[in-house]
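User: Before I rely on the labels attached to this model, I would like to see the reasoning behind some of them.

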Amino acid sequence: TGLVTMDSGYGNTAAYKSAITYLDGEKGILRYRGYPIEQLAERGSFLESAYLLIHGELPTATQLDDFREEISRHTLLHEDVKRFFDGFPRDAHPMAMLSSVVSALSTFYQDSHNPFDERQVHLSTIRLLAKLPTIAAYAYKKSIGQPLLYPDNSLGFIENFLMMTFAVPSERFEADPVVVDALDKLLILHADHEQNCSTSTVRLVGSSQANLFASISAGINALWGPLHGGANAEVLEMLERIRNDGGDVDAFLNKVKNKEDGVRLMGFGHRVYKNFDPRAKIIKTAADDVLGKLGVKDELLEIALKLEERALADDYFVERKLYPNVDFYSGLIYRAMGFPTNAFTVLFAIGRLPGWIAHWREMIASGSRIGRPRQVYVGEEQRDYVPLDQR
Ligand code: CMC
């Protein structure tokens with residue numbers, strides 16, 4: 001075709017200029033707005049990183065207080081939105097509930113449809129950050145048949161989410177500080193990752209000037225897939241399968257290497273990181289720490305450690321530069337916290353939300369063109385219509 005270049009999976013095409021996240025796959029560097037992920041995860045909070053990603057600078061103490069306060073005033077869902085959960089089947093996947101409800105939010109907020117109105121964008125940003133944890137908690141409550149609990153805005157952002165998820169009306173609930181800290185850290189580590197599949201989806205949908213709710217809902221659906229955010233749940237299912245088959249790690253790795261039934265080592269490999277994933281390093285330490293502090297002995301952790309060790313010493317993985325990614329250990333931590341496997345990707349979505357919002361806003365502010373990839377046509381040449389009775 002002359003004019004277009006084939007770039008399968010956009011492995012080598014930059015569609016945007018962005019000032020949000022810097023990533024060096026060779027050196028294993030990840031920075032939000034210039035700040036190393038290690039420092040943000042060690043010393044900051046999730047809402048602080050969210051503010052940083054969205055507004056470009058770390059907040060002052062007053063700005064952070066105001067941000068927290070404003071978010072806490074928007075955590076309630078409209079009673080009619082709450083009733084959606086009556087309509088979903090009990091075994092509905094939480095990611096489907098999450099994306100549907102987020103999409104439906106635009107029907108409740110008529111003041112959310114103009115991407116160029118700064119006030120509207122600000123309100124939609126706050127509403128999304130505030131309501132996604134409530135929606136996530138309700139999706140979980142629905143699946144186990146417990147009552148949906150109202151948010152308690154005297155609690156912190158993470159505590160409130162844990163309360164709505166795990167509390168029951170008849171019992172006093174207090175979130176374990178170990179769980180609060182670990183979840184906060186995990187959300188920071190997931191908060192942005194430049195032009196990944198879901199973020200690119202948010203940008204592509206938003207590039208048509210669709211509103212923020214519509215764009216984020218699309219991002220949630222993109223994240224759901226097993227090669228992207230869904231990998232954290234797949235890792236756990238893989239570890240369980242290995243355990244149920246007698247714990248033979250080598251037999252499983254042979255299956256992966258022979259590409260039997262397309263089996264992959266989930267939680268390994270990354271399009272950009274080719275030496276190590278800096279998030280995986282932090283998460284591995286956190287997994288040890290959290291499981292230790294919570295007194296959880298998990299045989300799946302043993303299997304994971306063994307898998308990692310064997311894979312890192314195996315030519316197949318070395319040659320292809322496959323290393324553990326952010327999802328390899330995160331599921332073990334979520335499991336120790338009490339989350340069911342199908343909620344893991346929902347937690348990823350809560351974490352990634354500030355990144356999606358920041359990218360959508362950056363794109364709108366820069367006046368980007370509509371996203372519209374080209375193709376290399378490989379179909380039939382022109383041919384003549386054949387009437388139905390002659391086919
Ligand atoms: N297990 C076994 N082989 C693999 C794996 C894996 N996890 N990942 C890549 N390969 C092989 C692949 O078969 C190919 O080998 P060959 O040339 O012999 O066919 C080679 O490595 C290159 O793979 P690719 O599919 O071209 O690489 P990609 O950049 O398109 O895919 C990936 C990146 C993350 C989708 C892939 O590594 C993968 O499927 N990993 C497992 C799923 C996973 O953990 N995803 C989470 C990614 S991090 C968080 C997130 O983004 O959500």
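Sheet, helix and ligand

Analyst: In this predicted model, three strands form an open sheet in the order 1-2-3, with antiparallel pairing.

User: Why do strand 1 and strand 3 stand at the edges?

Analyst: Strand 1 (21-24) and strand 3 (35-36) each have a single partner strand, so one side of each is left without a neighbour in the sheet.

User: How do you know that strand 1 and strand 2 are paired?

Analyst: Pairing requires at least two bridges, and four bridges join strand 1 to strand 2 (residues 29-32), the two running antiparallel; the criterion is therefore met. Within this pair, Tyr22 stands opposite Arg31 in strand 2.

User: What span is expected of helix 6, and what does the model give?

Analyst: Helix 6 (residues 94-108) has 15 residues, for which 21 Å is expected at 1.5 Å a residue, and the distance from its first C-alpha to its last is 21 Å, close to that expectation.

User: Which residues of helix 6 are called buried, and what covers them?

Analyst: The label applies under 20% relative accessible area, and the residues of helix 6 that carry it include Met97, Leu98, Val101, Val102 and Leu105. Their cover includes helix 7 (118-144), helix 11 (212-224) and helix 18 (344-365).

User: What makes the approach of Arg264 to the ligand a polar contact?

Analyst: The cut-off for a pair of N or O atoms is 3.5 Å, and an N or O atom in the side chain of Arg264 is 2.6 Å from an oxygen atom of the ligand, so the pair qualifies. The protein covers 75% of the 930 Å² of accessible area that the ligand has on its own.

Notes:
Residues numbered from 1 in each chain as written. Predicted model: local features only at pLDDT ≥ 70, side-chain atom pairs only at ≥ 80, totals over all residues. Heavy atoms only, no water. Expected span 1.5 Å × (residues − 1). Buried < 20%, exposed > 50% of the residue type's maximum accessible area, 1.4 Å probe, protein only. Contact = heavy atoms within 4.5 Å. Polar contact = N/O pair within 3.5 Å; in protein donor to acceptor, adjacent residues only side chain to side chain. Areas by Shrake-Rupley, 256 points an atom, 1.4 Å probe, with all protein chains shown as cover.
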